[in-house]
Amino acid sequence: MTPNIYEEDEKKVVEAYKKYGYTITREQAEEIWSEYSHVEMYAAWMSMGDNLDAIYDLTIKYAKELGIVKEDEANDT
């Protein structure tokens, strides 16, 4: 089995969305970050920092476009 080299990044995206009241899977996190990386940076996968607010802000547009989250789904946190 090939190790998932993006596992830690996927966990950060999951945590970023959790902070804003959304529950997403690691697979969805991979899809969101991959789409952001491709569209915004023309890359397969961009490295990311640890700022969960920035991760969320950079990617929420793509999460909505991909149908992964809807604004009315967020839980109050």
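Hi everyone. When I say two helices meet, I mean contact, with heavy atoms within 4.5 Å. Keep in mind that this is a predicted model.

Let's begin with the pair H2 and H3. Helix H2 covers residues 26–41 and helix H3 covers residues 52–65. Which residues in H2 meet H3? On the H2 side they are Ile 32, Trp 33, Glu 35, Tyr 36, Val 39 and Glu 40. Their partners in H3 are Ile 55, Leu 58, Thr 59, Lys 61, Tyr 62 and Ala 63. Sorted by class, that contact holds eight nonpolar, one polar and three charged residues.

Now, how do these helices sit against each other? People describe two packed helices by the angle between their axes and the distance between the axes. Here H2 and H3 pack at an angle of about 90°, and their axes are 9 Å apart. Angles of 65 to 115 degrees count as roughly perpendicular, so that is what we call H2 and H3.

On to helix H1, residues 7–19. From first C-alpha to last, its 13 residues reach 18 Å, close to the 18 Å expected at 1.5 Å a residue. Which residues of H1 are buried? Those are Asp 9, Glu 10, Val 13, Val 14, Ala 16 and Tyr 17. Looking down the axis of H1, you find the buried residues within an arc of 160°, so they line one face of the helix. Glu 8 and Lys 18, on the other side of H1, are exposed.

And what covers the buried residues of H1? The cover includes our earlier pair, H2 and H3. One last stop: after H1 comes Gly 21, with a positive phi near 90°.

Thanks, everyone!

Key: Residues are numbered from 1 along each chain as its sequence is written. This is a predicted model: local features need pLDDT of at least 70, side-chain atom pairs count only at pLDDT 80 or more; totals for chains, interfaces and linings use all residues. Side-chain values use heavy atoms; hydrogens and water are left out. Axes are lines fitted to C-alpha atoms, for helices over the stretch in contact, and angles run from 0 to 180 degrees between N-to-C directions. Helices (H or I, at least four residues) and strands (E, at least two) are DSSP runs, numbered from the N terminus. Angles under 35 degrees count as roughly parallel, over 145 as roughly antiparallel, 65 to 115 as roughly perpendicular and the rest as oblique. Ala, Val, Leu, Ile, Met, Phe, Trp, Tyr, Cys and Pro count as nonpolar, Asp, Glu, Lys and Arg as charged, and the others, Gly among them, as polar. The expected span of a helix is 1.5 Å times one less than its number of residues. Buried means under 20% relative accessible area, exposed over 50%, partly exposed in between (1.4 Å probe, protein chains only). The arc is that of the directions from the helix axis to the C-beta atoms.
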